[in-house]
Amino acid sequence: MTTPPEPGVPQPCDLLITHGYVLTMDKQRTVYPDGAVAIVGNRIAAVGTTNRIEAEWTSSRKIDAAGGVLHPGFIDGHYHAGLHLSRGSITDNPNPPREEGGAGTGVFTRWMNAVEDEDEYASALMAAAEMARNGFTGFVDAATSYSPDAIVEGAQAVGIRCSVSDCMLWDIVGGEPMAADIPRAPCDAKRAREGLGGQLKRNTDEDGLARGHVALYGCGSASEELMQEAKALADRSGTVFHQHQNLMVADTDYDKTRFGKPALVHFAEKGLIGPNSFFTHMNILEPSEVDAISATGMGLVWHPGNFMYYGISQTGRSRFPGLHKSGTSIAFGTDIAKAWAFGDLGFIAYLVSREWGEYLPSQSILEMFTLGGARALGLSSQLGSIEVGKKADLVVRSNDLPDAQPNVDVVRQLVLVSRTKAVDTVVCNGEMIVRHGRLVKLDEGEIYRLARHSAERVAKRAGIAHRTVWPLVA
């Protein structure tokens, strides 16, 4: 047993952050305009006003936030970390001419088939570096990585959290034609069942940065039997169950035909979704499916960028603003950073909601980045808010830039205006991984060099030529 501290004598802590505008994101959404946080090990030991915390805690390591926002680390609920380096090689034109390498899922299939384990590591390392620099302390890998070990290695090198699953588990081609075209992840029931839950072994280390979750690829590529096994395993293991779902009209129609009713209605009736289910995309939803989502308490991962990028918005309104308003837990998932960076989706979501005359408050967007992300990661009891006993994943932002002014509405300024530009310090698991806007543990220049070389190798294998619109003169 430890000796109780003497009254009036400050207790030692490992890190003390003072004079921050603290957005706790606790149940009351408590805000400390001049707040402080004390960290012991990898946990939050105290949070409150700077005057009180400084009187009760002391540390040789202190950060003066100088009035900047201090908030929980953002968490990306769905990211294909092994495909991050396709950005720029694959055209940003959704309907390109043949000479630009092809469009849609076909060009991504070629990229996937050209990726090797060393490329997944370089890709995950670059993605993790970008996330950390932009105020993210964790992500859920999106079930398409051949080598989960490579993803974990890249994330841990930077110092952020990740949750991984085995690669592209599917047993029918169905609504996802790509399932027939990935030799390293064949569409096979035996392989899918053997791989299901293969990464859950990582969950034995409570303080580890890497976790495992249950995931299928989804979008009409899994039989009902495989989904039953996945959901039951997630229930037994106390983890989350992820899959892609209702991305486009085509895969949604396929599921509706095979089940004789909208997919989410069928899933709810069969017990295939529940509070531990987190499905990504969900762009095409009928009213009965919205009801099924609310009734089962499942969570969703939203990518408003893809909703606009692929013209899905032309098929109807996004249901996400209304779902969040009715209490559904929602996280953002950047998927593949094609034409945006980590942290941009909140701004896009705000505009998507306005397209149909709805209003998504900045406070809701911040909830999606933090509380929603923590639940998508399967760690809502440990992350997502600044509370005593939770893990110390925190971000300090600077006010010393024009985009942070005049800052009379702090949350709106953070979410919609300054976004990622103001990130100064990032702490993950009690360890400082970004300071003054730069990575602490790694040489960023070396990461960029590794990323460029990998992107060039994969593009060459995939038969994708790097092109410029304007002439280059040597």
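Q: Which residue follows α9, and is its phi positive or negative?
A: In this predicted model, helix α9 covers residues 287-296. The residue that comes after α9 has a phi near 75°, which is a positive value. That residue is Gly297, and its phi is positive.

Q: Why do the buried residues of α9 lie on the same side of the helix?
A: The buried residues of α9 are Glu289, Val290, Ala292, Ile293 and Thr296. An α-helix has 3.6 residues a turn, so residues three or four places apart point the same way. The buried residues of α9 are on the same side because the arc they cover around the axis is only 160°.

Q: Which residues are exposed on the other side of α9?
A: Exposed here means over 50% relative accessible area. On the side of α9 away from the buried residues, the residues that are exposed are Pro287, Asp291 and Ala295.

Q: What do the buried residues of α9 pack against?
A: Packing here is a matter of contact, with heavy atoms within 4.5 Å. The partners of the buried residues of α9 include two helices, α8 (263-269) and α11 (320-325). The remaining partner is a strand, β15 (299-302).

Q: Which residue follows α4, and what is its phi near?
A: Helix α4 spans residues 148-158, and its buried residues include Ile151, Ala155 and Val158. The buried residues of α4 pack against several elements, among them α3 (117-133) and β9 (136-141). The helix is followed by Gly159, with a positive phi near 110°.

Q: Which helix gives the largest share of the largest nonpolar core?
A: The largest nonpolar core has 91 residues, and Phe139 and Trp302 are among those with the most contacts inside it. Nine residues of this core come from one helix, and that is its largest share. The helix is α3.

Q: How many residues does the second, separate core have?
A: This core is separate from the largest one, and its members include Phe108, Cys167, Val458 and Ala459. Its residue count is 22.

Q: How many of the residues of β18 are buried?
A: Strand β18 runs from residue 423 to 428 and is mostly covered. Buried here means under 20% relative accessible area. Of its six residues, the number that are buried is six.

Q: Which residue in β19 is the bridge partner of Val427?
A: Strand β18 pairs antiparallel with β17 (residues 394-397) over four bridges, and there Val427 is the partner of Leu394. Strand β18 is also joined to β19 by three bridges, again in the antiparallel sense. In β19, the bridge partner of Val427 is Met432.

Q: Which residue in the turn between β18 and β19 has a positive phi?
A: The two strands form a hairpin, with two residues between them. The turn residue with a positive phi, of about 60°, is Asn429.

Q: Which strands stand at the edges of the open sheet of five strands?
A: The strands pair in parallel in the order β12-β13-β14-β15-β16, and the twist from one strand to the next averages 20°. An edge strand has a single partner strand, so one side of it is left without a neighbour in the sheet. The edge strands are β12 (214-218) and β16 (330-332).

Q: At what angle does helix α6 run to β12?
A: Helix α6 is made of residues 224-237. The helix lies across β12, β13 (241-245) and β14. Its angle to β12 is about 155°.

Q: Why does the pair of Trp302 and Phe332 tie together parts that are apart in sequence?
A: The model has 14 aromatic pairs, and this one is stacked, at 5.9 Å centre to centre with 25° between the planes. Trp302 is in strand β15 and Phe332 is in strand β16, so the pair ties together parts whose separation in sequence is 30 residues.

Q: Are Trp302 and Phe332 buried or exposed?
A: The relative accessibility of Trp302 is 0%, and that of Phe332 is 2%. Under 20% counts as buried. Trp302 is therefore buried, and Phe332 is likewise buried.

Q: Is the pair of Tyr309 and Trp340 stacked or edge-to-face?
A: The ring centres of Tyr309 and Trp340 are 5.9 Å apart, with the planes at 80°. Planes over 60 degrees apart count as edge-to-face. The pair is therefore edge-to-face.

Key:
Residues are numbered from 1 along each chain as its sequence is written. This is a predicted model: local features need pLDDT of at least 70, side-chain atom pairs count only at pLDDT 80 or more; totals for chains, interfaces and linings use all residues. Side-chain values use heavy atoms; hydrogens and water are left out. Buried means under 20% relative accessible area, exposed over 50%, partly exposed in between (1.4 Å probe, protein chains only). The arc is that of the directions from the helix axis to the C-beta atoms. A nonpolar core is a set of buried Ala, Val, Leu, Ile, Met, Phe, Trp, Tyr and Cys residues joined through side-chain atoms within 4.5 Å. Two strands pair if DSSP finds at least two bridges between them. Axes are lines fitted to C-alpha atoms, for helices over the stretch in contact, and angles run from 0 to 180 degrees between N-to-C directions. Rings of Phe, Tyr and Trp (its six-membered ring) pair if their centres lie within 6.5 Å; planes under 30 degrees apart count as stacked, over 60 as edge-to-face and the rest as tilted.
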